[in-house]
Every structure is written in structure tokens, then in C-alpha cells.
Amino acid sequence: MMHFKFLRKKIFNPKKIYVDDVFLVSYPKSGNTWLRFMLAYCLHDIESESVDFHNIQTLIPDIYVGWPTNKKTRPRIMKSHEPYTPRYPRVIYLYRDGRDVIVSYYYHSIQRNQFDGTLYEFITEFNSAFGSWGGHVRGWLDREDITNTYGLSYEHLKENPFVELSNLLNFIGVKVSTARIKSAIRLSSFDNMRSIEKNKGLPSYLNANNQDFVRKGNVGGWKTELDIKALDSFMEQASDTLFWLGYK
Ligand code: A3P
């Protein structure tokens, strides 16, 4: 019996791409929204003083929701989940321990009524428009020439956000003051993003039947979520990529 209710085939046909465009690419549930918030605070003068789940679409657009309409702000930074494509001129690739990703993706799918089975079933029947976690990561990072690609991990971002964000801004080619980077990190903390979600709500495309989008934000949460069977099954599919990335 298949437990997936539906799968959206979302492969996107990009519109005009400029040579300085930066695509913030990740496999779903790797912390993309958090990084978008931090970048939005660093790169835009936010008049309302707060980035939220509505205005983020204008600041760092998600290409599946809409292509950027603001033609003046360059470089443009856009969120994408596409598997490897050579069409993107510059790429920030955010990755996260695949075991935490799959757990997060499971709850995401349950919340949206896209899946109704167990975690084990989710892993064994897994099917996403963006391909497998390992294939996605390898497609973007395991290439001979990745000079246009800046890879960073969710775990490093949590451990040392200031250094990671500063390096990333260098890659993008923008100068941002230390004070501003620090304030972007503080304003985008897990607790702050959770209150923003509670106070200002989610747009319909993110709606999770009133459950949390900013859910747990843990590193290694998989250890208490995956039983041996589920873990074995995921490791069969992804252990080579996990070890290649340096995860234990
Ligand atoms: P969990 O489900 O493990 O909690 P994406 O934005 O790519 O869909 O990733 C969602 C994941 O990022 C969720 O992981 C979510 O809780 C986590 N997240 C959201 N905001 C965060 C923040 N400010 N700090 C750390 N993690 C955050």
C-alpha cells in the first residue's frame, strides 16, 4: 500500500537569469528558510524592522512561489530546490545531515496530509520531485568544477553562524557590517523565528494545518526518532553521501 497521497512535480522552468544571480539551493528541510531570514536582514533595509514568512517572498523569493519582480536589487538571491542544473550562474548550496532531513521531511509531509504512514514507510517508499537526498547533494557538490558553488552546512551554521555568514557574504560579494550580521543572527534565532511564525502566521503555501513550521531545529534529532529498522534503511540509501560529507 502506498502511503504518499500525492507528489507534486515541481521542476521549474526559470525565467530570465542574470550573470550575477545567486540561487540558494538545498534539499527540502535543510534549513533554507532560516538562511533566507538571515540573508534578508543582512542585505535589505527592512522597514517594518522584521522579516516574516510573508515579506520573505519579496526579499529572497522562492522560485516555486514566484520569480522576483524587483528588478533593481542586484545581485538577486532566490531559493530553489532543483536537482543539479548548469543554468544557475552562482549557487549557495545548503546541506544538512540526511538523517535529520528525512525526519524533518516526514513531519512536514504528515502535517500537510501528504503522507500517512510510519517513518520507516516514509523512508522505504520515499519519492520526491527533487530526487533522493544523496543524489541531490552529490549532484551539486561532487563535481570537478564547483567554483561557482558555495557549500555550507546547517550544522556549521548553528555552531558558528557569524563566521559562516560572513564567508557567505564574501562569496556573494557584498560588504555588511559586523553589527548588522550579528543582529541578523539574533533576529533569526530559532525562538525569534518561532514567535514570528506565531504572531504573524504563515502564507497558505507554507500552511501546516496550524502545526509548527519552525519545528525543533535540532542537530542529531534523528537519534531519538529513527528506530534501527528505519535507520538501516536510510543508511542503505545514503551512507556513502553522509560519510563523504563528513558526518559520522
Ligand atoms: P526541523 O523539522 O528538524 O525542526 P527548510 O526551511 O529548508 O524547510 O528547513 C526546515 C527546518 O529548519 C526545520 O527543521 C525547522 O525547524 C528548521 N528551522 C527553522 N528555523 C530555524 C532557525 N531559526 N534555526 C534553526 N533551525 C530552524
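**View 1. Helix α1 is the top contributor to the shell around the ligand, giving three residues.** This is a predicted model, where local features need pLDDT of at least 70, side-chain atom pairs count only at pLDDT 80 or more, and totals for chains, interfaces and linings use all residues. Residues are numbered from 1 along each chain as its sequence is written, and side-chain values use heavy atoms, with hydrogens and water left out. Helices here are DSSP runs of H or I with at least four residues, strands are runs of E with at least two, and both are numbered from the N terminus. Sorted by class, the shell holds six nonpolar, eight polar and four charged residues. For that sorting, Ala, Val, Leu, Ile, Met, Phe, Trp, Tyr, Cys and Pro count as nonpolar, Asp, Glu, Lys and Arg as charged, and the others, Gly among them, as polar.

**View 2. Here are the ligand's oxygen atoms and what sits next to them.** There are 18 residues around the ligand, and Thr33, Ser104, Arg215, Lys216 and Gly217 come nearest; a residue is near a molecule or strand if one of its heavy atoms lies within 4 Å of it. A polar side-chain atom of Thr33 is 2.5 Å from a ligand oxygen atom. For Gly217, a backbone N or O atom lies 2.7 Å from an oxygen atom of the ligand, while a side-chain N or O atom of Arg96 is 2.9 Å from a ligand oxygen atom. On its own the ligand has 570 Å² of accessible area, and the protein covers 96% of that. The areas come from the Shrake-Rupley method with a 1.4 Å probe; for residues, only the protein chains shown count as cover. The elements giving two or more residues to the shell are α1 and α9.

**View 3. Helix α9 (residues 190–200) has Met193, Ile196 and Glu197 as its buried residues.** Buried means under 20% relative accessible area, exposed means over 50%, and partly exposed is in between (1.4 Å probe, protein chains only). Look down the axis of α9 and the buried residues fall within an arc of 100 degrees, so they line one face of the helix. That arc is taken over the directions from the helix axis to the C-beta atoms. Asp191, Lys198 and Asn199 are exposed on the other side of α9. The buried residues of α9 pack against α1 (32–43) and α8 (178–187), with contact meaning heavy atoms within 4.5 Å. Just after α9 comes Gly201, with a positive phi of about 80 degrees.

**View 4. The buried residues of helix α5 (residues 133–141) are Trp133, Gly134, His136, Val137, Trp140 and Leu141.** Seen down the axis of α5, they fall within an arc of 165 degrees, so they line one face of the helix. Their cover includes three strands, β1 (22–26), β3 (90–95) and β4 (149–153), plus helices α3 (98–111) and α11 (228–245).

**View 5. Lys79 in strand β2 (residues 77–80) and Asn32 in helix α1 touch each other.** Lys79 counts as buried because its relative accessibility is 10%. Its side chain makes a polar contact of 3.4 Å with the side chain of His81. A polar contact is a pair of N or O atoms within 3.5 Å; within protein, one must be able to donate a hydrogen and the other to accept it, and residues adjacent in sequence count only if both atoms are side-chain atoms. Leaving out residues up to four places away in sequence, Lys79 also touches Leu24, Arg36, Pro61, Asp62 and Ile63. Asn32, at 5% relative accessibility, is buried too. With that sequence cut, the residues touching Asn32 include Leu24, Val25, Ser26, Ser80, His81 and Leu94.

**View 6. Ser104, in helix α3, touches Lys29, Arg96 and Arg215, not counting residues up to four places away in sequence.** Ser104 is buried at 9% relative accessibility. The C-alpha atoms of Ser104 and Lys223 are separated by 13 Å, although the two are 119 residues apart along the chain. Lys29 sits in the loop between β1 and α1 and is buried, with a relative accessible area of 16%. Phi of Lys29 is near 75 degrees, a positive value in a residue other than glycine.

**View 7. Two loops carry backbone oddities, at Pro75 and at Asn113.** The peptide bond from Arg74 to Pro75 is cis, with omega near -5 degrees. Pro75 belongs to the loop between α2 (56–59) and β2. In the loop between α3 and α4 (119–124), Asn113 has a positive phi of about 55 degrees although it is not a glycine. Asn113 counts as partly exposed, at 47% relative accessibility.
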